[in-house]
Every structure is written in structure tokens, then in C-alpha cells.
Amino acid sequence: MTTKYKVIAGFLLMLLLLASVSLIAYRGFGSASDRFGEYDRLSKFNVNLSDIESSIYKSAYEVNRAIVINDFSLMDKGGEAIKRATDLVDACLAIVHKPERKQALEGMRTALEKYTGLIADVKSGYAAAMSEYKEKISPSFQSMTEAFDRMSDQAWGVGNAQALHSITQAWDNIAHAAV
């Protein structure tokens, strides 16, 4: 074989080697692209799950806060947070492929719907309790306070320290019961 054919054979061998390396790289890039797509899908799923958890905590916070400060509009914020969590569950259902995960997300969706109903029940129950309080307990407490005031004035007027002491203890018991 002459030098000319050796150079041509070497050049062809290099082209063949370059083509095979390019083919391997092309397949590797396709595989990497698929894996990056899977990573993107899983990261969106994880972010949505984190946001679902945050929305549930936000809802519980708003409902508890509404009860503590007696502001029903905060319960509506709790309901909005649960609605957001439900929307995120729907987004997760669109992302997930595995049937067991879809089943778990469907269970979560059902639980969130029940939780929404519970918020409405708490709101209406609390409103009814506050209405009863304003209609019955508050007026009774006011008349009881007036009666205690009259008794303490009478005990003071006759100098009955024991009666004043008993009235003070009764007020202490009432204050503990109110808490």
C-alpha cells in the first residue's frame, strides 16, 4: 500500500471515528434532554406539594386567628387558601404518571373538600354561638354584674367584710371561667 492510500485510509478512519462519536453524543444528548424534562416535571411536582402544605397551614392559621380575634372574614381567607391548595392538587394530578400517586392526590383532594366544608361549619357554628352570646349570655352577665354591684354596695354599707370577701371570690371564679 502506498502512502497515498494510507493517508486516505487514515482520513476515512478518522471520519468514521468522528461519525460514531457524533452518533453516540447525539443519543446521549437525547437521553439527557429526556432526563432534564423528567427533572423539570418532578421539581414542579415538589414545589406544588410544598405550596399545598403552606396553603393548608395558612388556612388553619386564618381560621384560628378568626376565632381568637372574632373576625369572620379571616375564615374566608382560610377558605381561599384551601381553594388554592385544591387547585395545586389538580396541577399535581396533571403532572403525575404513577397510579398510586394519582390515587393519593385524589384522596388529598377529597380531604381538602371536606376541610372546606368544615370551615363553613365552623364559621356558621361560631356565628350562631356569638349570636346566642349576644342575645342571652351578655344581657345575663350584665344583670349579674349589676346584682353583684348592689350586693357589694349593701355589704359595704353595713360593714360586712365577710360578704365583700365572698363577692370578691365569686368575681375571681367568674374571671377564671371566662378564660
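Which residues have the most contacts inside the largest nonpolar core? In this predicted model, they are F45, I52, V89 and L105, within a core of 19 residues. Helix 1, helix 2 and helix 3 each supply at least two residues of this core, and helix 2 gives the most, with nine residues. In general, nonpolar side chains in soluble globular proteins tend to be buried together.

**Confidence**

The mean pLDDT of the chain is 86, and 98% of the residues score at least 70. The two extremes among the elements of the chain are set out below.

| Element | Residues | Mean pLDDT | Rank in the chain |
|---|---|---|---|
| Helix 2 | 73-95 | 91 | highest |
| Helix 4 | 161-178 | 79 | lowest |

**Packing of helix 2 and helix 3**

Two packed helices are described by the angle between their axes and the distance between the axes. For helix 2 and helix 3 (residues 99-158), the angle is about 170 degrees and the axes lie 10 Å apart. Because angles over 145 degrees count as roughly antiparallel, helix 2 is described as roughly antiparallel to helix 3. On the side of helix 2, the contact is made by M75, D76, G78, G79, I82, A85, T86, V89, D90, C92 and L93. Helix 3 contributes K102, L105, E106, M108, R109, L112, Y115, T116, I119, V122, K123 and Y126. Sorted by class, the contact has 13 nonpolar, four polar and six charged residues.

L105 and V89 belong both to this contact and to the group with the most contacts inside the core. Leaving aside residues up to four places away in sequence, L105 touches F45, L49, V89, C92, L93 and V96.

**N48 in helix 1**

N48 is located in helix 1. Is N48 buried or exposed? N48 counts as buried because its relative accessibility is 12%, under the 20% cut-off. Among residues more than four places away in sequence, N48 touches L88, A91, C92 and I95. C92 is thus a partner of N48 and also one of the residues touched by L105.

**N70 in the loop**

Between helix 1 (3-69) and helix 2 there is a loop, and N70 lies in it. Most residues other than glycine have a negative phi. N70, although not a glycine, has a positive phi of about 60 degrees. Its relative accessible area is 36%, so N70 is partly exposed, whereas N48 in helix 1 is buried.

Technical notes
Residues are numbered from 1 along each chain as its sequence is written. This is a predicted model: local features need pLDDT of at least 70, side-chain atom pairs count only at pLDDT 80 or more; totals for chains, interfaces and linings use all residues. Side-chain values use heavy atoms; hydrogens and water are left out. pLDDT is the predictor's confidence in each residue, from 0 to 100. Helices (H or I, at least four residues) and strands (E, at least two) are DSSP runs, numbered from the N terminus. Buried means under 20% relative accessible area, exposed over 50%, partly exposed in between (1.4 Å probe, protein chains only). Axes are lines fitted to C-alpha atoms, for helices over the stretch in contact, and angles run from 0 to 180 degrees between N-to-C directions. Angles under 35 degrees count as roughly parallel, over 145 as roughly antiparallel, 65 to 115 as roughly perpendicular and the rest as oblique. Contact means heavy atoms within 4.5 Å. Ala, Val, Leu, Ile, Met, Phe, Trp, Tyr, Cys and Pro count as nonpolar, Asp, Glu, Lys and Arg as charged, and the others, Gly among them, as polar. A nonpolar core is a set of buried Ala, Val, Leu, Ile, Met, Phe, Trp, Tyr and Cys residues joined through side-chain atoms within 4.5 Å.
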